[in-house]
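Work through the exercises below with the sequence and the structure side by side. Try each task before reading its solution.

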Amino acid sequence: MGTCVTRCQAGAASGIAARDVVDVGLLARVYPASAVDRAVEACGRRERRSWVLPARLVLYFVLGLALFSPDPYLEVMRKLTYGLRQVGLLGAWREPDKPSISLARRRLG
């Protein structure tokens, strides 16, 4: 419980509501990385090279658009990257700009 409180407090300090951190944590629990990777593979969208936005993250982003539907793209990505980092699914990675997000969504299909 202490770790969750610490993570939520850190999120609040960065301008991200504790509820958003919990929402992303639940998203990652309902759709674990292994299931997301299998879905990407099943659709024939597995990466053959390293991209700024990996397919797994783009798929989580699309799910995040539904979860945070009134928020703009960049705000959804900010919440998502922060939350995924907190649950250990995102290593050293930086938030992309809007054109990168659009290109990555098109690449994922």
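**Exercise 1: The nonpolar core**

In this predicted model, the largest nonpolar core has 22 residues, and those touching the most other members are Leu53, Leu57, Tyr60, Phe61, Leu80 and Leu84. Find which elements give two or more residues to this core, and which gives the largest share.

Solution. Step 1: Two or more core residues come from each of helix H2 (18-30), H3, H4, H5 and H6. Step 2: H4 gives the largest share, with six residues. Step 3: Take Tyr60 as an example. Leaving aside residues up to four places away in sequence, Tyr60 touches Leu27, Ala28, Tyr31, Pro32, Ala33, Val36, Leu80, Leu84 and Leu89. Step 4: Compare this with a general tendency: in soluble globular proteins, nonpolar side chains tend to be buried together.

**Exercise 2: The two faces of H3**

Determine which residues of helix H3 (residues 33-42) are buried and how they lie around the axis.

Solution. Step 1: Buried means under 20% relative accessible area; in H3 this applies to Ala33, Val36 and Val40. Step 2: These residues lie on the same side of H3, because they cover an arc of only 65° around the axis. Step 3: Recall the geometry: an α-helix has 3.6 residues a turn, so residues three or four places apart point the same way. Step 4: Now turn to the face of H3 directed away from its buried side, where the exposed residues Arg38 and Ala42 are found. Step 5: The cover over the buried residues of H3 includes helix H4 (55-67) and H6. Step 6: After H3 comes Gly44, which has a positive phi near 70°.

**Exercise 3: The packing of H5 and H6**

Describe how helix H5 (residues 73-86) and helix H6 (residues 98-108) are arranged, and which residues meet.

Solution. Step 1: Two packed helices are described by the angle between their axes and the distance between the axes. Step 2: For H5 and H6, the axes come within 10 Å and cross at roughly 80°. Step 3: The crossing therefore makes H5 roughly perpendicular to H6, since angles of 65 to 115 degrees count as such. Step 4: On the H5 side, Tyr73, Leu74 and Met77 take part, and they meet Lys98, Ile101, Ser102 and Arg105 of H6. Step 5: Sorted by type, the residues of this contact are four nonpolar, one polar and two charged.

**Exercise 4: The whole chain**

State how many helices and strands the protein has, and what percentage of its residues is buried.

Solution. Step 1: The protein has six helices and zero strands. Step 2: Of its 109 residues, 33% are buried.

Key: Residues are numbered from 1 along each chain as its sequence is written. Side-chain values use heavy atoms; hydrogens and water are left out. Axes are lines fitted to C-alpha atoms, for helices over the stretch in contact, and angles run from 0 to 180 degrees between N-to-C directions. Helices (H or I, at least four residues) and strands (E, at least two) are DSSP runs, numbered from the N terminus. Angles under 35 degrees count as roughly parallel, over 145 as roughly antiparallel, 65 to 115 as roughly perpendicular and the rest as oblique. Contact means heavy atoms within 4.5 Å. Ala, Val, Leu, Ile, Met, Phe, Trp, Tyr, Cys and Pro count as nonpolar, Asp, Glu, Lys and Arg as charged, and the others, Gly among them, as polar. Buried means under 20% relative accessible area, exposed over 50%, partly exposed in between (1.4 Å probe, protein chains only). The arc is that of the directions from the helix axis to the C-beta atoms. A nonpolar core is a set of buried Ala, Val, Leu, Ile, Met, Phe, Trp, Tyr and Cys residues joined through side-chain atoms within 4.5 Å.
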